[in-house]
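The following exercises concern the structure displayed below. Each task is followed by a solution in steps.

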Amino acid sequence: MKLRNLLLIALTIAAADPLFAQSGQPLFPQMPGMVSYTYRASFAKDVAATLDTLQQLGIKDMEFSNLFGKTAAELRKLLDERDMQCSSFGVSYDEALNKTMQVGENAKTLGAKFVRVAWIPHVGPFTLELADKTIADFNTIGATLKDEFGVSFCYHNHGYEFEKYKRGTLMDYIIQKSDPNYVNFELDLLWAFFPGGDPAKLLRKYPTRFKLMHMKDLRKGVEGNLSGGTPVTNDVALGTGQLNIPEILKAAKKSAIEHYYIEDESPSYATQVPQTIAYLKSLTY
């Protein structure tokens, strides 16, 4: 009777949670995308050759936050020739707010489904007043991009938004108060963990708001803060740092994440990126 009950419990769990039933299966079977910032020095010298390098690694999905001297049409041509795509286009806060139509046109030309902003200009601690202005601006930007170009707007967290506010943080406040029809988010794992946040918990708390992800890890022993900055050498290959990558990816699989990008800001990216790809392929449920 006890064995029969245990089997029934196991079957119930498996039915309720498909991840349980996939024991031993690959956790991350797909090839991740790449953030152009990882290869920024190489792209600055030769865009075509850098795309060739990425193609040889098996990368097909790109997030560009710089056109590297090309027009959007020229960059799109280089991508098309290599059977690659740009799914997300990153711009500055100022460009998104004051050059929204141009940004939308470039995103559409690139074939990007998302426009992303990764930094809110500020001096000193991030404040509630700044958060309120940010929410209003993001709603305006997001409405124009969606209504005029069919492109979704995302904000990429950078650490300083995790200032405490009431029972949560100002990051919670921005997510909760922004219009979900027009504003979504890109979860940067390092910049959620560094200020004391929990990336997996954020994904579970807001399962429909995060559409994109920057996969990166923080060197062991490094202590975080709310500055939004740390030496680039603190970026390490996935699985060698402090973050619980498997837990995060399991939460992501149940969320609305559509595109996963490797971002490695360190000068050791050429050796660390292959390590990261190999690590992701090694993960199982």
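**Exercise 1: A residue between strand and helix**

F68 is found in the loop between β2 (61–64) and α4; helices (H or I, at least four residues) and strands (E, at least two) are DSSP runs, numbered from the N terminus. The model is a predicted one, in which local features need pLDDT of at least 70, side-chain atom pairs count only at pLDDT 80 or more, and totals for chains, interfaces and linings use all residues. Residues are numbered from 1 along each chain as its sequence is written, and side-chain values use heavy atoms, with hydrogens and water left out.

Task. State the sign of phi at F68, and determine whether F68 is buried or exposed.

Solution.
1. Phi of F68 is near 50 degrees, which is a positive value in a residue other than glycine.
2. Most residues other than glycine have a negative phi.
3. F68 has a relative accessible area of 18% and is therefore buried; buried means under 20% relative accessible area, exposed over 50%, and partly exposed in between (1.4 Å probe, protein chains only).

Task. Carry out the corresponding analysis for K166.

Solution.
1. K166 lies in the loop between β6 and β7.
2. Its phi is positive, about 50 degrees, although K166 is not a glycine.
3. The relative accessible area of K166 is 73%, so K166 is exposed.

**Exercise 2: The barrel**

Task. Describe the strand order of the closed barrel and give bridge partners in β5 and β12.

Solution.
1. Eight strands form a closed barrel with parallel pairing, in the order β1-β2-β3-β4-β5-β8-β9-β12. Two strands pair if DSSP finds at least two bridges between them.
2. From one strand to the next, the twist averages 30 degrees. Axes are lines fitted to C-alpha atoms, for helices over the stretch in contact, and angles run from 0 to 180 degrees between N-to-C directions.
3. Four bridges join β4 (residues 114–117) to β5 (residues 152–156) in the parallel sense, and V115 has F153 as its bridge partner in β5.
4. Strand β1 (residues 33–35) runs parallel to β12 and is joined to it by two bridges, with M34 opposite I262.
5. β9 and β12 are paired in the parallel sense over four bridges, and M213 stands opposite Y260.
6. Strand β12 (residues 259–262) is covered on both faces: H259 and Y261 are buried on one side, Y260 and I262 on the other.

**Exercise 3: Helices α6 and α8**

Task. Identify the buried residues of α6 and explain why they lie on the same side of the helix.

Solution.
1. Helix α6 (residues 100–110) lies across β3 (85–91) and β4, and runs at about 160 degrees to β3.
2. Its buried residues are T100, V103, G104, N106, A107 and L110.
3. These residues cover an arc of only 165 degrees around the axis, which puts them on the same side of α6; the arc is that of the directions from the helix axis to the C-beta atoms.
4. They pack against α4 (72–81), β3, α5 (93–98), β4 and α7, where contact means heavy atoms within 4.5 Å.
5. Just after α6, G111 takes a positive phi of about 90 degrees.

Task. Explain why α8 is described as largely enclosed.

Solution.
1. Helix α8 spans residues 170–177, and six of its eight residues are buried, so the rest of the structure largely encloses it.
2. The buried residues are L170, M171, D172, Y173, I174 and I175.
3. Their cover includes α7, β6 (164–165), β7 (168–169), β8, α10 (199–205) and β9 (210–215).
4. At the N-terminal end, T169 caps α8, with a side-chain oxygen 3.2 Å from the backbone nitrogen of M171.

**Exercise 4: Nonpolar cores**

Task. Which residues have the most contacts inside the largest nonpolar core?

Solution.
1. A nonpolar core is a set of buried Ala, Val, Leu, Ile, Met, Phe, Trp, Tyr and Cys residues joined through side-chain atoms within 4.5 Å.
2. The largest such core has 81 residues, and M213 and M215 have the most contacts inside it.
3. Helix α7 supplies the largest share of this core, six residues.
4. Another core, of five residues, lies apart from it and includes V35, F114, C154 and L212.
5. With neighbours within four places in sequence left aside, the contacts of M215 include F28, P32, L189, L238 and L249.

Methods. A polar contact is a pair of N or O atoms within 3.5 Å; within protein, one must be able to donate a hydrogen and the other to accept it, and residues adjacent in sequence count only if both atoms are side-chain atoms.
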